[in-house]
Amino acid sequence: MVDSLRVAQSAPEEPSPWWLKGGAIFIGVLGISSLFGAITLAASGIFMESMMAGLDPDELCADDPDREECEALIESLSDISEMPLWDVGAAFSAFLFILSVPTTILMWNAEDRDTSLKLAWAWVTVHATSQLYIVHSYMSWMDDFYESIPLEEMSWISIFTSITSYGSVLLCELTLAAGLALISYKTRPPTSLEIPSAFHTTGE
């Protein structure tokens, strides 16, 4: 039974700064990707809105043999162009890019571990929230779109698409969280305390 703690005679080994530097590189790359994502989402929203503004359902579906299905399709396209997904998603991505800048700098300097890790965990949390929001918004529209198509197979396609979409997001975010947890563990402050092994105690 362990009944005492000893202080090691030699100084404890400092953790490698490359754990934080590696995290800085990874978040920096994802931050740049978020900037491109913000630009893409904003541009897509503007393009969709301008495209739908010039479409007239009555004119486009006038000669269609299944007028109701044609109008339902155009209405679905109109719905996706008016979704807040484009603006909110772009705002999320822009915020992720801004947040990645101080996070990357602090992690690369590897001087203030606690602050850099707090920013990194905040970045991962915002990233997970944004991805879940984007997927949920898109899948909500897809569900309505599949319902407008009178085919029984569409329900199975909807379920399969939902499972794969949410599953891929959860897997990605859990991987990011696991990587950051590993960095947090590997960079924890060293301690000079040693716990004697119970197998080597003398019973004195």
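Helix α4 buries a series of its residues in this predicted model. They are Leu85, Trp86, Gly89, Ala90, Ser93, Leu96, Leu99, Ser100, Thr103 and Met107. The helix covers residues 85-109, so Leu85 sits at its start, given that helices are taken as DSSP runs. It holds 25 residues. From first C-alpha to last, α4 reaches 36 Å. That is close to the 36 Å expected at 1.5 Å a residue.

The helix also bends. The angle is about 25°, and it falls at Ser100. A proline, Pro102, follows within four residues. Ser100 is itself one of the buried residues of α4. After the helix comes Ala110. Its phi is positive, near 55°.

A little further along, charged side chains pair up. Arg113 and Asp114 meet in a salt bridge, with 3.2 Å from N to O. The count comes to 1 salt bridge. Is Asp114 buried or exposed? Neither label fits: its relative accessible area is 47%, and because partly exposed spans the range between 20% and 50%, Asp114 is partly exposed.

Now step back to the whole chain. It has 6 helices and 2 strands. Read from the N terminus, the order is β-α-α-α-α-α-α-β. A strand therefore opens the series of elements and another closes it, with elements numbered from the N terminus.

The contacts reach far along the sequence. Among those with a separation of 6 or more, 82% join residues 24 or more positions apart. Of the 204 residues in the chain, 30% are buried. The accessible surface comes to about 13,300 Å². Carbon and sulfur atoms hold 65% of that surface.

Methods. Residues numbered from 1 in each chain as written. Predicted model: local features only at pLDDT ≥ 70, side-chain atom pairs only at ≥ 80, totals over all residues. Heavy atoms only, no water. Salt bridge = Lys/Arg side-chain N within 4 Å of Asp/Glu carboxyl O. Buried < 20%, exposed > 50% of the residue type's maximum accessible area, 1.4 Å probe, protein only. Contact = heavy atoms within 4.5 Å. Areas by Shrake-Rupley, 256 points an atom, 1.4 Å probe, with all protein chains shown as cover. Expected span 1.5 Å × (residues − 1). Bend = angle between axes of the 7 residues up to and from the residue.
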